[in-house]
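Please open the structure in your viewer and keep the sequence panel beside it. The stops below say what to select next and what is to be found there.

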Amino acid sequence: MATEAGDQQQQREHFRAQQKSCFILGASGETGRVLLRELLAQQLFARVTLIGRRKLSPEEEELCIHVNQEVVDFEKLDEYASAFQGHDVGFCCLGTTKAKAGADGFVRVDRDYVIQAAQLAYTGGCKHFLLQSSQGADKGSSFLYLRVKGEVEAKVQEIGFNHFTVLRPGVLLCARRESRPAEWIAQKVLGAMAHMFPTAYSVPVATVARAMVASVLMPDGSGTVQVLENKAIHALGVPVAEPCKKSTKQGQDSA
């Protein structure tokens, strides 16, 4: 276990030494907010940029000094191409719901905005693009939500990133800021089921965020596409292990 923690620490130190830059799309959402805090805690990137339609809220003001913020109009995203330039890694947690935005609005945000942003990121030099999708994503599905998620996965893959990671979490377990009654009920039911089947149908948002961060440390080859289903997200999103330190007492006894 100590060796594994030491190896992970070496991976992080090697990654930090490369002074890479990343951006987050959807940092104001549930996963995006946790992802931002995880990235800042691990200090893997020399520069972190948030790209969104607004800046962080006053409640999150303490994070502002650690990140760059680019406010964009997603309806005119081509005009903000400069916001996507010079990043090595892109994290996409962008999304809405049909209940909140309507069917057309949901498709525009979850598919069209994401594809356009991914294309701008690729043109701007991004090598690794990570997309938060959904369990059951399938471009041939008869369900709008799953079909749109499957379509965006396929379109982003076609762009040709050096490395493309898709995360397909089950129901996200979190305390949402906005009201989503149907999802609240699902969380309550699946939260209870998680005790019996912890990796089958649900996953804590913090686990997804940690899995996204851990994915950037994994060795990759050119043209690699990695799909992480819910169980794999659980496995990869464990808390970061710290290397064991030798006890002072043991050192004194040996002296």
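**A helix and the sheet it packs on**

Begin in this predicted model by selecting helix α5, residues 144-159, whose 16 residues should span 22 Å at 1.5 Å a residue, and whose end C-alpha atoms are 23 Å apart, which agrees. Within α5, colour the buried residues, which are V148, K149, G150, V152, E153, V156 and I159. If you then display what covers these buried residues, you will find that the cover includes α4 (98-123), β5 (128-132) and β6 (163-168). Just after α5, click on G160, which takes a positive phi of about 100°.

Move next to H163, which is found in strand β6 and which counts as buried because its relative accessibility is 3%, where the cut-off is under 20%. Add C126 to the selection: although it lies 37 residues from H163 along the chain, the C-alpha atoms of H163 and C126 are separated by 9.5 Å.

Now show the open sheet of seven strands, which runs in the order β3-β2-β1-β4-β5-β6-β9 with parallel pairing. Strands β3 (68-71) and β9 (224-229) stand at the edges, each with a single partner strand, so one side of each is left without a neighbour in the sheet. From one strand to the next, the twist averages 15°.

For a closer view of the pairing, select β1 (residues 21-25) together with β2 (residues 47-52), which pair in the parallel sense over five bridges; here L25 has I51 in β2 as its bridge partner. Finally, return to α5, which packs on the sheet by touching β5, β6 and β9, and whose direction makes about 170° with that of β6.

Note on methods. Residues are numbered from 1 along each chain as its sequence is written. This is a predicted model: local features need pLDDT of at least 70, side-chain atom pairs count only at pLDDT 80 or more; totals for chains, interfaces and linings use all residues. Side-chain values use heavy atoms; hydrogens and water are left out. Helices (H or I, at least four residues) and strands (E, at least two) are DSSP runs, numbered from the N terminus. The expected span of a helix is 1.5 Å times one less than its number of residues. Buried means under 20% relative accessible area, exposed over 50%, partly exposed in between (1.4 Å probe, protein chains only). Contact means heavy atoms within 4.5 Å. Two strands pair if DSSP finds at least two bridges between them. Axes are lines fitted to C-alpha atoms, for helices over the stretch in contact, and angles run from 0 to 180 degrees between N-to-C directions.
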